[in-house]
Amino acid sequence: MQKLLEVVSPKALASASNSVAFALKSEEPEANHVLPLDSNAQTTTSKDLLIVSPYTSRPHLLDLTLLNHAQILLAKALTILAPVAASYATSPYFSSFNWKAVFSLLAASAKADGYAWKEQYFYVIIFRSQIPRSTSRSDLAALDMKAHAEAMAGNGLLKYWFGTPDSDGRNLATCIWRRREDALPGSSGEGHKEAMRATIKMYTEWQVERRKLIVGDNVQDWDIVPWTD
């Protein structure tokens, strides 16, 4: 299946999703990490809380007890998501990450669990940006963290990754949601609104791309194609 690239107008950001894409620095994904319980997680066990972003405090963790089997398997496989091209900020999304390794892990995990994976799809947001040197990275980091915590409240964000701005200030961030409907409520949160206002002032350039991640039966094939409403 042909892999295509579709760019959505920046004006579509608010209605497209809560992209939570105000990326500043790079932190490698941590494979299948769960955290010990804290005072805000009395109703869950440590094995139920998955790190799915660079943020590791309780409000940023994914509660696996609220997901179905397929979503849990994909979330865990996505913990190894990492760029394979230094030019990921400007290169095609499909070829910029270790998707083959992610889906090899997903297939192996499904097989180990005796789970018959049926074809299904997930909602993907890609945020490309250019940040001028004058922008305060600490201010953007605080906005990003607040917006991410809001996005995690719905427990539908399976993966959030962002990189490091290149020499021209260009960067990429991406969110993978279990479904588009999960992405919509976060766009009304105060953290997201603050980040939207900051985008206009703090970025030289930005654009949003929407994708559909399709994973076929038994994870035998997969594709990332333009999202259509």
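These are my notebook entries on the nonpolar core and the salt bridges of this structure.

**Entry 1, ground rules.** I am working with a predicted model, in which local features need pLDDT of at least 70 and side-chain atom pairs count only at pLDDT 80 or more, while totals for chains, interfaces and linings use all residues. Residues are numbered from 1 along each chain as its sequence is written, and side-chain values use heavy atoms, with hydrogens and water left out.

**Entry 2, the core.** I looked up the largest nonpolar core (buried Ala, Val, Leu, Ile, Met, Phe, Trp, Tyr and Cys residues joined through side-chain atoms within 4.5 Å) and found 55 residues in it, of which Leu 62, Tyr 93, Trp 99, Leu 106 and Trp 117 touch the most other members. Among the elements that give two or more residues to this core are helix H4 (99-113), helix H5 (137-152) and strand E3 (120-130); helices (H or I, at least four residues) and strands (E, at least two) are DSSP runs, numbered from the N terminus. I then listed what Leu 62 is in contact with (heavy atoms within 4.5 Å) beyond its neighbours within four places in sequence, and the partners include Leu 49, Val 52, Ala 75, Met 152 and Leu 158.

**Entry 3, Arg 170 and Glu 205.** I find 8 salt bridges in the structure, each being a side-chain nitrogen of Lys or Arg within 4 Å of a carboxyl oxygen of Asp or Glu. In one of them Arg 170 pairs with Glu 205, with the closest N and O atoms 3.2 Å apart; because Arg 170 lies in strand E5 and Glu 205 in strand E6, the pair ties together parts that are 35 residues apart in sequence. For burial I use under 20% relative accessible area as buried, over 50% as exposed and partly exposed in between (1.4 Å probe, protein chains only). Arg 170 is partly exposed at 24%, and Glu 205 is partly exposed at 37%.

**Entry 4, Asp 229.** I looked up the partners of Asp 229 and noted a salt bridge with Arg 180 at 3.5 Å, N to O, which links helix H6 (residues 180-183) to the segment after strand E7 (222-226), 49 residues apart. Asp 229 also forms a salt bridge with Arg 210, the closest N and O atoms being 3.1 Å apart, and Arg 210 belongs to strand E6, 19 residues apart from Asp 229. Asp 229 is exposed at 70%, whereas Arg 210 is buried at 11%.

**Entry 5, a network.** I also recorded that Arg 128, Glu 209 and Arg 211 are linked in a network of salt bridges.
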